[in-house]
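Student: I'm new to this one. Can we walk through it together?
Tutor: Sure, have a look at it here.
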Number of protein chains: 2
Amino acid sequence: MRTRFIDACHRKPVDARPIWLMRQAGRYMSEYRKLRETYGILDLIKTPEMAVEVTMQPINAFDLDAAIIFADILPLLEGMGLNLEFIKGTGPLIDNPIRQAADIDKLHEPDPRESVAYTLKAITLARQVLKVPLIGFSGAPFTLACYAIEGGASRNFTRAKSLMYEQPKAWHQLMEKLSTLVGEYLFAQAEAGAQVLQLFDSWVGALSPDDYREYAMPYSAKAIRRAKESGCPVIHFGTNTSGMLPLIKEGGGDVIGVDWRIDISDARQILGPDVVIQGNLDPVQLYAPVSVLKDRVKTILDKMGDDPGYIFNLGHGLLPTTPVDHVAELIHFVHEYSSKAQGH
Amino acid sequence: MRTRFIDACHRKPVDARPIWLMRQAGRYMSEYRKLRETYGILDLIKTPEMAVEVTMQPINAFDLDAAIIFADILPLLEGMGLNLEFIKGTGPLIDNPIRQAADIDKLHEPDPRESVAYTLKAITLARQVLKVPLIGFSGAPFTLACYAIEGGASRNFTRAKSLMYEQPKAWHQLMEKLSTLVGEYLFAQAEAGAQVLQLFDSWVGALSPDDYREYAMPYSAKAIRRAKESGCPVIHFGTNTSGMLPLIKEGGGDVIGVDWRIDISDARQILGPDVVIQGNLDPVQLYAPVSVLKDRVKTILDKMGDDPGYIFNLGHGLLPTTPVDHVAELIHFVHEYSSKAQGH
């Protein structure tokens, strides 16, 4: 087992910067596109052997320091009674979204060991073949609540925020349910074999700091506390959080995800020395010529110098049209340059 | 003429916080929706008398401290040879977007006094009826370049950024042309009667700070320098800029726009005391019950205390489904609360 990634989560010295990439399994790989000719995304997720196959595709192709189980944040909502579909070209759709307080009362409170057993099984199977650590993950309560209320992706989150402002009691009730479920799901993934857990609060940057503190943070914190009882390091990820990183840190996690909208030196200064940072490369930078890409990667690595608390990643997921050879070059370069820079 | 807004642009003491709202003329008003039953958005913009009528709708309805000419950032691209359409339900579309260096060579370099004469005429006409200051505006070079290359709105700006990374020479050539045109357009609006000028870099938050410094800032700075030759104060607006406010300030402007993704006290600390701040309220906060809305507005006003350099606004444009009575309540409350708080 190569432990570089887990060591970095604990701020232990490493021989080279660990790197993994959000959405490292996906459409940019021909192996994945081929599978998707036959199977829908939910088929792949809900068939543990297939989820393992997809999880392993980037691991077999590249020199990555961690695997992340192939899954999605939304199937967790199905167990609550929400109907999930993935519509080709438009993305996820929930046809019975939450629109009023009564809808929240009616939500089931599933045991994730049953409702998403397929992902837990996939985790156990993946561990048997992996030689790098495996990351389990969940959507954060706020991001899940937005999907559950909006019924899909949204530009301004007017429905979700309106419910939050107009019916705070119902909102808090929903967030209580979600945070219990998310915490339990993360814990169950650790039981099943996940070695690091990541909470994806992809949409949290839609909130003002004051709203985040009041309506979202306590629930991320609760889920993270439960996840931490497993003993696994927890990564707390969000985007568009440059203006509220201290609050994200307060929400918890050993590792804080940052996107590319902040200089990583500024992020370190704001977050202080006692948390690990993950991320910072703009996913679109992978479309740049390799020399330009390397130049930007070098800048990030130089800024982090010998800071032990940094894990290389993108600021958000790999995009479907990313050139696959640039991904290979990126991973190789991060290892090569950082091991030289650290004098190994 | 009520000068509260212009005074605040110069950090002079005011009797109450000035307030205006981005996209204060628009679909949330029934007067506007009624006009749009008959006329397309470009009809309204390109007929000076109608543009004035729309400009005046919110001024007549509410106690606003500034008007902003009814126009759009994209018609400026038409004079360069790009074909602009507004498609119902999807927004603006350019059917001959820039895709390669040769497309940039072919761009015209129009005189905005001719190519967008209708907006300049509207400005002159509006000044004859207005009793509050009039704001002229332009899209910033980066945001305009994104539209010109992507051909419309975009989620990840992969086309625009790819051109930027792959053909930096062509990118810089495009930005030179755009910044000359934008600077000249802003200057011409001042000549026509605009009293304050705002540069809208709505999409600049898609860039990392390093990319902003290299690919965008010099061109915003150039446009702002030209605009400043008019003697008018300049407002430099962007969203998702919490992680690079010092660079936005470096780009220039007397007033810096901030969205809601940062605490306004933090924004003041980062920007220093020598610039005016505008913005900070989440547009979706206007969907909240009035008591909740007032509470958040109070928080912002309290944080700015007697700081003379603050103009109340949203962090981005008013949304089409905003309750119109909440807009009235907001404007009234900002004046009332701030004049009391300042002891007037």
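Tutor: We'll take a strand in chain A, then two residues in chain B; keep in mind that this is a predicted model.

Student: Okay, strand 6 of chain A. Is it mostly covered or open?
Tutor: Mostly covered. The strand spans residues 234-238, and 5 of its 5 residues are buried.

Student: Which residues point which way?
Tutor: V234(A), H236(A) and G238(A) point one way. I235(A) and F237(A) point the other way.

Student: What does strand 5 do with strand 6 in chain A?
Tutor: The two pair in the parallel sense, over 5 bridges. Strand 5 covers residues 196-201. D201(A) stands opposite G238(A) of strand 6.

Student: Which helix joins them in a β-α-β unit?
Tutor: Helix 12 of chain A, residues 209-228. The unit is right-handed.

Student: And strand 7 of chain A, how many bridges does it make with strand 6?
Tutor: There are 2 bridges, and the pairing is parallel. H236(A) stands opposite I256(A) in strand 7. The chain gets from strand 6 to strand 7 through helix 13, residues 245-251, in a right-handed crossover.

Student: New topic, chain B. What phi does R23(B) have?
Tutor: It is positive, about 55°, although R23(B) is not a glycine. R23(B) is in the loop between helix 1 and helix 2 of chain B.

Student: Where is F157(B)?
Tutor: In the loop between helix 9 and helix 10 of chain B. F157(B) has a positive phi too, about 60°.

Student: Why is F157(B) called buried?
Tutor: Because it has 20 other C-beta atoms within 10 Å, and 20 or more counts as buried. R23(B) has 18, so it is partly exposed.

Definitions and conventions:
Residues are numbered from 1 along each chain as its sequence is written. Chains are lettered from A and ligands numbered from 1 in the order in which they are written. This is a predicted model: local features need pLDDT of at least 70, side-chain atom pairs count only at pLDDT 80 or more; totals for chains, interfaces and linings use all residues. A residue is buried if 20 or more other C-beta atoms lie within 10 Å of its own, exposed if 12 or fewer, and partly exposed in between; C-beta atoms are placed from the backbone. Helices (H or I, at least four residues) and strands (E, at least two) are DSSP runs, numbered from the N terminus. Two strands pair if DSSP finds at least two bridges between them. A crossover is right-handed if, with the strands pointing away from the viewer, the path from the first strand over the helix to the second runs clockwise.
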